Amino acid sequence: MSLPQTDSRPDLYDDAERWSIDELRARQLERLQATVTASYEHVPHYRAQLEERGVHPSDIRSLDDIRLLPFTSKNDLRDNYPFEMFAVPREQVVRVHASSGTTGRATVVGYTKNDITTWATLVARCIRAAGGRPGDIAHVSYGYGLFTGGLGVHYGAEHLGCTVVPASGGNTEKQIQLITDFRPRVIFITPSYFLAMLDVMEQMGVDPKETSLEIGVFGAEPWTQAMRKEIEERANMHATDIFGLSELMGPGVAQECVETKDGLHLWEDHFYPEIVNPLTDAPVEDGQTGELVLTSLTKEAMPILRYRTRDLTQLLPGTARPAFRRMAKITGRTDDLMIVRGVNVFPTQIEEIILEIDGLTPHFQCVLTRPGRMDELTIKVEAAGRVDPSAHEGMANVLRSQVKSRIGTSATVQIVGKGGIERSVGKARRIVDQRNL
C-alpha cells in the first residue's frame, strides 16, 4: 500500500516547535507561575484551595512545585457552575462551551478573545502536524454547538488557511456527495463514524480509494492500530489521532504527527502534563502508566490547575517534535465512563432515566459487545414484580427513546423479571464488558 505523499518540512513549524527542551521548560515555569497567580487572585475556589494547603503563588519556584497545587475534578467545575471558575470578568468572555449536563449541572468553559486565538493556533498546529496545509479543503464532520469539536477544528482550519466545509455529523449520503463534489483533502471525524461512512460510500458505488481525501484527523473516542490499518487500506489515506478535552480547551491539546504516527505530541508550551498513580496521587515516571493530569499554562478566562482527566496513559519522549513529550494511546479510564460510538455514557445517566420510568427497578447492567467493528450497548433492567410481562415491550421502548434523546446514543433494551439481574454484596456491577471475550 502506497499512501499519499505528505510534506513535513521543519521550516513549516511555528517558533515553539523549534524550542529546545531547556527553553521549553523555562517558558513553562514562567507561564505556570503566571497561571497560579491569576488563579489565586481571581478564582475564589482556587484561592480557598491554596490557602487550605498553606500555598502561595510565590512558593512555585520550579516545575516540581506543581505538586503543591490542588487537583481539579469535574465535580469542582460543576460545583462552581456556571461562571465561578472564571478568572476574568464575564464581560471579557467572548464564548462559552458546556457539557450536556445530563446527570446534573453542566461543566462550563469560557474563552477570552485571546483564548480563542490560542485555540485556533494550536488546532492549526495539529493540522500541520497531521499533514494538512494552507489552501487545503477541510471537511468537518464533528458536531457543532456546545460541544467543542466542530467549532474547535473549524476555527483552527480557517486559521491555517484552509477552506472549511462545516458538514457536522449525520446526513451521511449528503456528506459523501459533498466530498465527491468539493474534493476535500482533509477530514475531521470520529473513526467509528468514518468507517460507517466508508460502508455507505461503497453502497453508493463510490470507491473510497478514489476520493480526494488524503488525511484524516480522528478523535473524540479511543481507536486501535487495527482500526487505523483498516481506514488507511480502505481509503488510501493517512489516519492520525487528535486529543483534547473541553475542560482544558477542546480539540488541540495533543496531536499525532503524520511522519511517525507513534503517539500524540502534547503541546507542552500551553499544557503541562503529569502522570499520577490514580490510587495514591503520587507522580509516576515517564514511561509508566497512570492517570493523565493537565495544567493549563496560557488560558485567560478559565485557568485549570492539575485537572484529573481520568485517562490512563504514559508519557514518552518526543520524536517528530523532540521538545514535546508524547502521550501513548489511552488504555482506559479510572471511572466507569463508557464511550459508545463516540458518545460518552455513564451508568449514572442511565440509572437516572430508569428511575423515572414507572415499573422499572434500579437493578440494571450495561452490557458492551462488539459484534462487528463498532461497540453495541445493551441495557438489561429488571422490572418490578407487580408489572405484567406484556408491559415490558412498552417500557423498553420508553427507555430506549429516552437514552437516545437525552444521552445521544442508541441502545438495545432487555427487560427481565425479578431476580434477572445479579446482586452484589458490595458495589453493583453496572458494566459487563464482553468486547474482548
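Helix 10, residues 392-406, lies across strand 18, strand 19 and strand 20 in this predicted model. The direction of helix 10 makes an angle of about 145° with strand 20. A second helix also lies across part of this group: helix 9, residues 347-354, crosses strand 18 (360-369), strand 19 and strand 21. Helix 9 runs at about 140° to strand 18.

The strands under these helices belong to an open sheet of four, with the order 20-19-18-21 and mixed pairing. Strand 20 (412-416) and strand 21 (431-433) stand at the edges. Each of these two has a single partner strand, so one side of each is left without a neighbour in the sheet. From one strand to the next, the twist averages 20°.

The pairings can be followed strand by strand. Strand 18 and strand 19 are joined by a hairpin through six residues, and they pair in the antiparallel sense over seven bridges. One residue pair across this boundary is Cys-366, whose bridge partner in strand 19 is Ile-379. Strand 19, residues 376-383, is joined to strand 20 by five bridges, and these two strands run parallel. Here Ile-379 appears again, standing opposite Val-413 in strand 20. Lys-380 stands opposite Gln-414, also in strand 20. In a regular strand, the side chains alternate between the two faces of the sheet.

How much of strand 19 is buried? Six of its eight residues are, so the strand is mostly covered. In strand 18, one residue to look at is Gln-365. Gln-365 counts as buried because its relative accessibility is 8%, and the cut-off for buried is under 20%. Apart from neighbours within four places in sequence, Gln-365 is in contact with Thr-378, Ile-379, Lys-380, Ile-421, Glu-422, Arg-429, Arg-430 and Val-432.

Another open sheet has nine strands, in the order 4-3-5-6-7-8-9-14-13, and its pairing is mixed. Its edge strands are strand 4 (163-165) and strand 13 (315-316), each of which pairs on one side only. Within this sheet, strand 6 (residues 215-218) and strand 7 (residues 238-245) run parallel and are joined by four bridges. Phe-218 stands opposite Asp-241 in strand 7. Helix 7, residues 191-203, packs on the sheet and touches strand 5 and strand 6. The direction of helix 7 makes about 120° with that of strand 5. Helix 5, residues 148-160, lies across strand 3 (137-140), strand 4, strand 5 (186-189) and strand 8 (250-256). Helix 5 runs at about 65° to strand 8.

The next topic is empty space. Rolling a probe the size of a water molecule over the atoms shows where such space is left. The structure holds two cavities of 30 Å³ or more. The largest cavity has a volume of about 60 Å³. Which residues line the largest cavity? They are Tyr-111, Asp-115, Thr-118, Met-249, Phe-271, Thr-298 and Lys-299. This lining divides into three nonpolar, two polar and two charged residues.

Among the pockets, the second largest contains about 240 Å³ of space. Its lining is made of 14 residues, and Arg-67, Tyr-272, Val-284, Asp-286 and Arg-325 lie nearest its centre. Strand 10, residues 271-276, gives the most to this lining, with four residues. By type, the lining of the second largest pocket has eight nonpolar residues, no polar ones and six charged ones.

Two single residues complete the tour. Thr-37 is found in helix 1, residues 21-42. Is Thr-37 buried or partly exposed? It counts as partly exposed, because its relative accessibility is 28% and partly exposed covers the range between under 20% and over 50%. Thr-37 and Glu-376 are 339 residues apart in sequence, and their C-alpha atoms are 46 Å apart in space. Pro-89 lies in the loop between helix 3 (74-79) and strand 1 (95-98). With a relative accessible area of 44%, Pro-89 is partly exposed. Pro-89 and Thr-112 are 23 residues apart in sequence and 9.9 Å apart in space, C-alpha to C-alpha.

Definitions and conventions:
Residues are numbered from 1 along each chain as its sequence is written. This is a predicted model: local features need pLDDT of at least 70, side-chain atom pairs count only at pLDDT 80 or more; totals for chains, interfaces and linings use all residues. Side-chain values use heavy atoms; hydrogens and water are left out. Buried means under 20% relative accessible area, exposed over 50%, partly exposed in between (1.4 Å probe, protein chains only). On a 1 Å grid over the protein atoms alone, a cavity is a set of points where a 1.4 Å probe fits but cannot get out, and a pocket is an open set with protein on both sides within 12 Å along at least five of seven lines; lining residues have an atom within 4 Å of a point. Grid points are joined across faces, edges and corners, and a volume is the space filled by probe spheres set on the points. Ala, Val, Leu, Ile, Met, Phe, Trp, Tyr, Cys and Pro count as nonpolar, Asp, Glu, Lys and Arg as charged, and the others, Gly among them, as polar. Two strands pair if DSSP finds at least two bridges between them. Axes are lines fitted to C-alpha atoms, for helices over the stretch in contact, and angles run from 0 to 180 degrees between N-to-C directions. Contact means heavy atoms within 4.5 Å.
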